[in-house]
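I opened this entry to look up one helix and what it packs against. The notes follow the order in which I checked things.

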Amino acid sequence: MPAPYFTRFFDRAFEWATTSGLRVLLIAGALLILLVLLKRGVAKLSSLYKGTLPSPAQVMRAYTLTHIVRDVARIVVLFVGMTMILSEVGVDLKPLLAAAGLGGLAIGFGAQSLVKDLISGFFILWENSVRIGDVVQIAGVAGLVEEVELRTIKLRDESGNLHVVPNGVIDKVKNLTKDYSYYVFDIAVAYRENVDEVMGVLQEIAEDLRRDSRFADDILEPLEMMGVDKFTDTAVMIKCRIKTEPLKQWRVGREMNRRIKNTFDAKGIEIPFPHQTSYWGEPKKGTPPPS
């Protein structure tokens, strides 16, 4: 092989190494630096929120969000870096990008529900609308939240059944234990009763309950008396509610109902119930006796 050929080869190699080759090395070095900084930044952020967030559920939420952001940022950095390197090497990126676009479109059509689950799960975590330990109603299912993941939410109902709900089917969330809770009472009393006296009795029962050491920490505010709510065919309905700590409303409400029943029995306050009187036939004279 003639010497001029080697000369031209080394000249071109040297020219490429001092131009495009140098840029490839710089791009690769920048990629490595960015990936290392990203990893250290996420680790630093994790150590910070582990010491400041009050509950393990919030720590897990922050962990999930930061790692999602880290993975997305890593993919973007690698994609941009590899594209720049291939361009410097001399690869024509137009067919490659066109193929990647078609492939991504095909995958998107084939995995629409999965993508929808992931996107919905990210925003559920970001907005903190559902947390581990909450009692929620979503997609027609109610229960205690055991796990909040990027694709699904797992609920345990009062019968012990585990429900796995994909995030993509959740259009609204009813959280029964967010920050605080209320137990609402609809008390039915007979028309003969003095409703002002009955409401006073209910407030006395609630105050006795607040003074009970077993329930004092669960109750946040005194009983809120809303008043006479409506009239039915057989009763006058009195509505009131009591504010409690999250998840404590059912415990407090059941104890309040027990005390209401016992107190009404002791004071002779009638709680009406459906009943009817039957007559056996119709005699020719007099009024038939009721049965």
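**Helix α6 and its surroundings**

I began with the length of helix α6, residues 249–267: at 1.5 Å a residue its 19 residues should span 27 Å, and the end C-alpha atoms lie 26 Å apart, which agrees. The model is a predicted one.

Next I looked up which residues of α6 are buried. I found Gln249, Val252, Gly253, Glu255, Met256, Arg259, Ile260 and Phe264. They are on the same side of α6, because the arc they cover around the axis is only 165°. On the other side of α6, I noted Arg254 and Ala266 as exposed.

What covers the buried residues of α6? I listed β6 (181–189), α5 (195–211) and β8 (236–244) among the elements that do so. I also checked the residue just after α6: Gly268 has a positive phi of about 75°.

I then turned to the sheet. It is open, with 3 strands in the order β6-β8-β7 and antiparallel pairing. β6 and β7 (224–231) are the edge strands, each pairing on one side only. I recorded an average twist of 25° from one strand to the next.

For β7 and β8 I counted 6 bridges, in the antiparallel sense. Val228 has Ile238 of β8 as its bridge partner.

Last, I looked at how the helices sit on the sheet. α5 packs on it and touches β6, β7 and β8; the direction of α5 makes about 20° with that of β8. α6 lies across β6 and β8 and runs at about 20° to β6.

Technical notes. Residues are numbered from 1 along each chain as its sequence is written. This is a predicted model: local features need pLDDT of at least 70, side-chain atom pairs count only at pLDDT 80 or more; totals for chains, interfaces and linings use all residues. Side-chain values use heavy atoms; hydrogens and water are left out. Helices (H or I, at least four residues) and strands (E, at least two) are DSSP runs, numbered from the N terminus. The expected span of a helix is 1.5 Å times one less than its number of residues. Buried means under 20% relative accessible area, exposed over 50%, partly exposed in between (1.4 Å probe, protein chains only). The arc is that of the directions from the helix axis to the C-beta atoms. Contact means heavy atoms within 4.5 Å. Two strands pair if DSSP finds at least two bridges between them. Axes are lines fitted to C-alpha atoms, for helices over the stretch in contact, and angles run from 0 to 180 degrees between N-to-C directions.
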